[in-house]
Amino acid sequence: MTSVILVILILLQLFSFYLIALLYAKFSSLKDIEKKHEQVLAEMDDSFGAYIAEIIDENNRLIQELNSSERTIATTSHEYAKNENSKKEFKVSNEIPKSYISKQLAANSYLKTAATTEKKEPVTIKEKVLFYADEGKSKDEIAKLLQIGKTEVELFLKFKDK
C-alpha cells in the first residue's frame, strides 16, 4: 500500500515539474515577445522623430523664403508710397497691405524642393516591379529583367496598394 502511494507521489511530482517547465517556457516566450514589441516601438519613435525633424527643417526653409519675399514686397510698397506722396494725393486707408507670393516665387520654391528631394532607387523586388510598370514595361519584360515569374509580377501589380 505504501509503495503504491509512493509511486503516485513520484508521478505527481514529475507531472508538477513538467508543468513548471512548461510555464517557464511560456513565460520566457512572452518576455521575448515583449522585448520585440519594445524594439518596434523604439524604431517607430525614431522614425517619427526623424519625420518631425524633416518637417521642421522644411518649415524653417519656407519661413526664410517668405521673410525674404516680404522684404522685397515691403521695399516695393515703400517705393510705391514715396511715389504717392510725391503726387500729393495722400489717401488714408485702414486696410493692412496684404503680403502675397508671386507665381514665379512659388514656382521657384517648388522647383528647389523638387530638386532637393531625390528620387529613390527601387530596392526591393516589389519596388522594382512597380518602377518598371510605371515606366510602361509589360509583365513579360519585367519578369525577364528581374528574373522572376510572370505570376509573381502579376501579383505585385495586383496588390501594389497594400
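The exercises below work through a predicted model of one chain.

Residues are numbered from 1 along each chain as its sequence is written, and side-chain values use heavy atoms, with hydrogens and water left out. Because the model is predicted, local features need pLDDT of at least 70 and side-chain atom pairs count only at pLDDT 80 or more, while totals for chains, interfaces and linings use all residues.

**Exercise 1. Overall layout**

Task: State how many helices and strands the chain has, and what share of its residues is buried.

Solution.
- Step 1. Helices (H or I, at least four residues) and strands (E, at least two) are taken as DSSP runs, numbered from the N terminus. On this basis the chain has 5 helices and 0 strands, and its pattern along the sequence is α-α-α-α-α.
- Step 2. A residue is buried under 20% relative accessible area, exposed over 50% and partly exposed in between (1.4 Å probe, protein chains only). Of the 162 residues, 8% count as buried.
- Step 3. Accessible areas come from the Shrake-Rupley method with a 1.4 Å probe, and for residues only the protein chains shown count as cover. The chain exposes about 14,800 Å², of which carbon and sulfur atoms supply 61%.
- Step 4. Contact means heavy atoms within 4.5 Å. Among the contacts with a separation of 6 or more, 48% join residues 24 or more positions apart.

**Exercise 2. The nonpolar core**

Task: Find which residues make up the largest nonpolar core and which elements give two or more residues to it.

Solution.
- Step 1. A nonpolar core is a set of buried Ala, Val, Leu, Ile, Met, Phe, Trp, Tyr and Cys residues joined through side-chain atoms within 4.5 Å.
- Step 2. The largest such core has 7 residues: V129, I142, A143, L146, I148, V153 and F156. Two elements give two or more residues to this core, α4 (139-146) and α5 (150-158). The largest share, 3 residues, comes from α4.
- Step 3. Leaving out residues up to four places away in sequence, V129 touches I142, L146, I148, V153, F156 and L157.
- Step 4. I125 lies in helix α3 and is partly exposed, at 40% relative accessible area. Beyond its neighbours within four places in sequence, I125 is in contact with L146, I148 and F156. The C-alpha atoms of I125 and V153 are 9.3 Å apart, with the two residues separated by 28 residues along the chain.

**Exercise 3. The buried side of α4**

Task: Name the buried residues of α4, explain why they lie on the same side of α4, and say what covers them.

Solution.
- Step 1. In α4, the buried residues are I142, A143 and L146. They lie on the same side of α4 because they cover an arc of only 100° around the axis. The arc is that of the directions from the helix axis to the C-beta atoms.
- Step 2. Their cover includes α3 (125-134) and α5.
- Step 3. Q147 follows α4 and has a positive phi, near 55°.

**Exercise 4. Salt bridges**

Task: Count the salt bridges and state which residues form them.

Solution.
- Step 1. A salt bridge is a side-chain nitrogen of Lys or Arg within 4 Å of a carboxyl oxygen of Asp or Glu. The structure holds 2 of them.
- Step 2. One pairs R61 with E58, whose closest N and O atoms are 2.7 Å apart. R61 and E58 are separated by about one helical turn because they are 3 residues apart in helix α1. R61 is partly exposed at 25% relative accessibility, and E58 is partly exposed at 36%.
- Step 3. The other joins the side chains of D140 and K150, at 3.5 Å from N to O. D140 is in helix α4 and K150 in helix α5, so the pair ties together parts that are 10 residues apart in sequence. D140 counts as partly exposed at 38% relative accessibility, as does K150 at 48%.

**Exercise 5. Helix α1**

Task: Decide whether E65 and M44 are buried or partly exposed, and say which residues make the nonpolar surface patch.

Solution.
- Step 1. E65 lies in helix α1 (residues 2-86). E65 counts as buried, because its relative accessibility is 15%. Not counting residues up to four places away in sequence, E65 touches L105 and K112.
- Step 2. M44 also lies in helix α1, and counts as partly exposed at 43% relative accessibility.
- Step 3. Patches are made of residues with over 30% relative accessible area and no salt bridge; like charges are joined within 9 Å, and nonpolar side chains (Val, Leu, Ile, Met, Phe, Trp, Tyr) within 5 Å. V40, M44, F48, Y51, I52, I55 and I56 make a nonpolar surface patch of about 680 Å².
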